[in-house]
Every structure is written in C-alpha cells, then in structure tokens.
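Welcome! Please take a moment with the sequence and the structure shown here, and then read on for a guided walk.

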Amino acid sequence: MWRTICRRWELENEESGPLIERTGEALWRPRQYKGCRASEVKSIPQRYVFGFMGFLGVANAYIMRACLSIAIVRMVKPVVHDETLGSSESICPYQEETSHHNTTISSGDGYDWNESTQSLVLAAFYYGYIVTHIPGGLLAQRYGGKHTMGFGIFSTALFTLLTPWVASMGAVPLIVLRVLMGLGEGTTFPALSTLLSQWAPPLERAKLGSLVFAGVQIGTVLASAISGFILQYFHWPAVFYVWGGVGMVWFLLWCLLCYNDPSSHPFISEKEKEYLSKTIGATERDKDVGGTPWIAILKSPAVWSLTIAEMGHDWGLYTMVTDLPKYMNDVMHFNISQNGVLSALPYLVMWLVSILLGYMADKIQQRKIIGITNLRKILATIGAIGPAVGVILASYAGCDKTLVAVLFTIGMGFMGFCYASLRVNSLDLSPNFSGTIMAIVNGLGSISGMVAPVLLGALTPNKSLLEWRVVFWIMFGILNGTNVLFIMFGSGEVQPWNEPKEKEDTKLDEM
C-alpha cells in the first residue's frame, strides 16, 4: 500500500497474455493504470514509515504507563493536608473553581490508599520493566525487533484495558498487574535500538532516533492533557479503556506496515534499499553476528558512563512523569483539567526541542563542525543542567501558578537535548549490539523509576511545598552528578568490540 499510488504489475507473456512461468522465471511488466505511468510513481521512504510508527509506538507505551499518574488523583480519596505545619510557604491556598464545576464527574469516596500505597502502585510498573530489558534485547538481536516490540506493547494495551477491573479488587492486585505491564513493555527500547541499527543511516541517526524516542514526550503530553479532559467529563475507568484501545489499533498497524530490516520489506524501493546498503553496510539483519561480547561491554567505560548518565536522566524524567500531576494537584491545587494541560506543557516543549535538536545534530555531523563525541557530551550537559535549574527555580516560585508552570515548562524543555545524545549513543558505540547495550542502559535506568516514586512518597507525607523542594534538590544533584561521569568517560565512536572476532579475523585474512 505504501509502495505505489497508481502502479499495477501484471504477470504476462510478451505475445500471448498471462504467463505463470517462462524459462523458470516469472515476468513482471509495469503498465499504465488510471492514467499514470509506472515510471512516474514515487514511493514513501520506508525508514520514515518505520520512524513514524516507532514514534507512535513509544508514545502509546508512555501513555499507557503514565495515564495512571493522572487517573490516580480521582481513584483515591481526597488529600487531607496537615494544617499544623504553620508556615505560609508550606501549603498553597485553595482557589474556588467556577468554570467546570457542574460538569466535573465525581469520583465518589475513592479507594482508601495512603501516600505510601499510591507510591508503590506507581512504582510497580518498573519492577517488571527492568526484568525484560536484556531478554528483549537478545530476542530482538536474534529474531528481529518487529514482533519483540509489537507483542510487548500489545500486552501493555491488554493490561491497560484490565486496569479498572483489577483496581476494584484492591491495591495488591493492581500492583501485580502493573508489574506484568512492565514485563511486557520492557522489550520496547532494546527492540527499537535493534530496528534503528537496520533502518537509520549514520547521518540520519540523530534525526530518526530523536523522532522515535520523542514519543516519550508526546505520550506524556497526551496522557496528561487528554486524560485530564476525560476525567473531567467521564469516570476514571474511561481513561484506561480509551488508551488501551488505541494501543490495540497501533499493534495492528505495526504488524502490517513495519519489518525487521530493509531486505525483508516488500514495499521498499530499490533506490532506498541501495542507499541504506551503502550507508549502513547491509540491508539484511545479520543473524550470524556472533555471541554478544559481554565481557568487553561490561568493561567498557563508554557503556557505563552512558548507563549512569541515563539513570540520572531517567531519575529526572520519571520524577516528573510520575509525580508532576500529583504536585500540581496536591501542592498547587490546579483542577483536574488544568492539571492535565499544565502537566503536559513541559513535555510538549521537550518534544519540539528534541525534534529540532535531532535535525541540527545531523547537520552538525554532516558539516563536520564538531566531533561526534563532543557533540553528544555538549547536548547531554545542556539536557542535564537545564531541567535541574528549572525545577529548583519552580520550587522557589512559591504559589505563583503561572510562574511555576512557565519554569517547569522551560526547565523540562531542555531535557529534549538528551534525545540527540544519550538516547542514540548506544547506536554510536555498537550498531551490531545496540539492542543489548540499550537493554543494559535503559534497564538499569528504570531503577530510577522504581526508587523515585517510593522516595518521593516518603519525603512528602504532608504534600507541602517545602517537602517537595527537597525532592527537587535531590533531582538537581542526581542530574548534574551523573552528567559529570558522562563528560569524563563518554564516547560517540564505534567501539572495537562491535565487530565479532571471527569477522575481524576474516577481514585480516582477506588483506
């Protein structure tokens, strides 16, 4: 369906019509169809089709993991603040809501889950998520990323649809369900890295990688903004039914439109296949790439500095994805629709920044303005300092809702710089084993998602501004401290262990 608009190929004999076989070969001849000539037909580059579908897949994955963070403010009983804190700076005053009061759906009494229980529910996803990263990377490396990623998101969509039913059973069953969701979604990023190594030419790597991984921001935007409006007019289970259904639709389209590598794609043009062959080196996934060089990977300073930097980035990201809606609700007292929109704004800006920086990073590489290693480090540094400073300034803006929203938006927008640096760095280090490296990097990074919500719950028992300020100072320290290690030991060059030893020996013999 993507290959042509008006081309019809027919199996035919030059003299006497249709022919099944002639001298052992099938004959295909392009003919005119509806006024178009076959030579005039243009095809859509399949690497961009993959990039767009990968972007939607990541967006769906983040929507389904993040929508609980918005819905939980309606699922549980209202927060009761401890007014004995005394300081006027500790708790922001409530303001009367007038615009949507009559249309807001009441959540009734809600579930009686305290802050500690809510934190465990929100963190449970990552306990499963961390487990399947390395198996997912190995499966994608061996069998291809299409179905490894596809069935992972399919299972996440299924569990999302089941969430309202399971939540009615209690917090413990919901925690178990969220762990299972994490198990399914843990294959996503390792599979995507494997697919990108087959579809993204080196000088388009930042652009396509940023496009795909920018689904993180758009997923968070949609989860926050649209879920907020759904909660305003419908009961909270509608959030999970809508997004679970969207995930199922994506899975069907993914199965129809995307393939493991250019050689297995039935709609790709010969021109694009030849281009990918010249720039990437092959159009077919190498099933005989050899055993994963685990010792070399685990001894690599470049891999470990990337892993630690990613853990710091994820600490900041997961803190905001999981808990920004709670901050806006519990501390700033935005209503549910305002909460959704204002929680989404930082990620919308982050998405725009990441797309722009992906394009600019490729242009910088093409013009050889700066080396790839220094480019990755500069972008990662801006992506760490910007958000760290932004959230600290927001915490000192007190109860000024407009200023708080602006500072969060600007600060988190800088995190978009990481998507043309940290997110694509595994492809720089080893195209052959990028799935495995991403499994290590993103898997260990998910520890932040396990720890951050639980620590935040312990540090903010009264939901006060002063308590949250401590949370943001911790985020400041982690983002900047982990980035220092990336500056010291990170690299953007292909590592020596990327080529299997047998192939290196063969190349030497040929020389």
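What follows moves from the whole chain to its helices, salt bridges, cores and surface.

Please keep in mind that this is a predicted model, in which local features need pLDDT of at least 70 and side-chain atom pairs count only at pLDDT 80 or more, while totals for chains, interfaces and linings use all residues. Residues are numbered from 1 along each chain as its sequence is written, and side-chain values use heavy atoms, with hydrogens and water left out.

Let's begin with the overall picture. The protein has 19 helices and two strands; these are DSSP runs numbered from the N terminus, with at least four residues of H or I for a helix and at least two of E for a strand. It has 511 residues, and 55% of them count as buried. Here, buried means under 20% relative accessible area, exposed means over 50%, and partly exposed lies in between, using a 1.4 Å probe and protein chains only. Among contacts with a separation of 6 or more, 83% are between residues 24 or more positions apart, where a contact means heavy atoms within 4.5 Å. On the outside, the protein exposes about 21,700 Å², and carbon and sulfur atoms supply 64% of that area. Such areas come from the Shrake-Rupley method with a 1.4 Å probe, and for residues only the protein chains shown count as cover.

Now find helix H9, residues 237–257. Its 21 residues reach 31 Å from first C-alpha to last, close to the 30 Å expected at 1.5 Å a residue; the expected span is 1.5 Å times one less than the number of residues. Buried residues of H9 include Phe240, Trp243, Trp250, Phe251 and Trp254. What covers the buried residues of H9 includes helix H1 (46–75), helix H4 (145–167), helix H6 (188–199) and helix H8 (215–233). Helix H15 offers another example: its 13 residues should span 18 Å at 1.5 Å a residue, and its end C-alpha atoms are 18 Å apart, which agrees. Among the buried residues of H15 are Lys401, Val404, Phe408 and Met412.

Next come the charged pairs. Side chains of opposite charge can pair when their charged atoms come close. A search of the whole structure finds seven salt bridges, each being a side-chain nitrogen of Lys or Arg within 4 Å of a carboxyl oxygen of Asp or Glu. One of them joins Arg47 and Glu272 at 3.2 Å, N to O. Arg47 lies in helix H1 and Glu272 in helix H10 (residues 270–280), so this pair ties together parts that are 225 residues apart in sequence. Are these two partners buried or exposed? Arg47 is buried, with a relative accessible area of 9%, and Glu272 counts as buried at 5%. Arg47 and Glu272 also belong to a network of salt bridges that includes Glu204.

Helix H1 has a part in another bridge, where Arg65 meets Glu185 at 2.8 Å, N to O. Glu185 sits in helix H5 (residues 171–185), and the two partners are 120 residues apart. Both Arg65 and Glu185 are buried. Farther along, the side chains of Glu310 and Arg423 meet at 3.2 Å, N to O. Glu310 is in helix H12 (residues 301–330) and Arg423 is in the loop between helix H15 (401–413) and helix H16 (425–429), so the bridge ties together parts 113 residues apart in sequence. Both Glu310 and Arg423 are buried.

Let's turn to the nonpolar interior. A nonpolar core is a set of buried Ala, Val, Leu, Ile, Met, Phe, Trp, Tyr and Cys residues joined through side-chain atoms within 4.5 Å. The largest one has 114 residues, of which Met75, Met320, Tyr327 and Phe408 touch the most other members. H1 gives this core its largest share, 16 residues. Leaving aside residues up to four places away in sequence, Tyr327 touches Met332, Ser395, Val404, Phe408, Leu465, Trp468 and Phe472.

Finally, look at the surface. Phe229, Tyr233, Phe234, Val341, Leu345, Leu348 and Leu352 form a nonpolar patch there, with about 610 Å² of accessible area together. Patches are made of residues with over 30% relative accessible area and no salt bridge, with like charges joined within 9 Å and nonpolar side chains (Val, Leu, Ile, Met, Phe, Trp, Tyr) within 5 Å. Helix H13 (336–366) and H8 each supply at least two residues of the nonpolar patch, and H13 gives the most, with four. Leu348 is found in H13 and counts as partly exposed at 33% relative accessibility.
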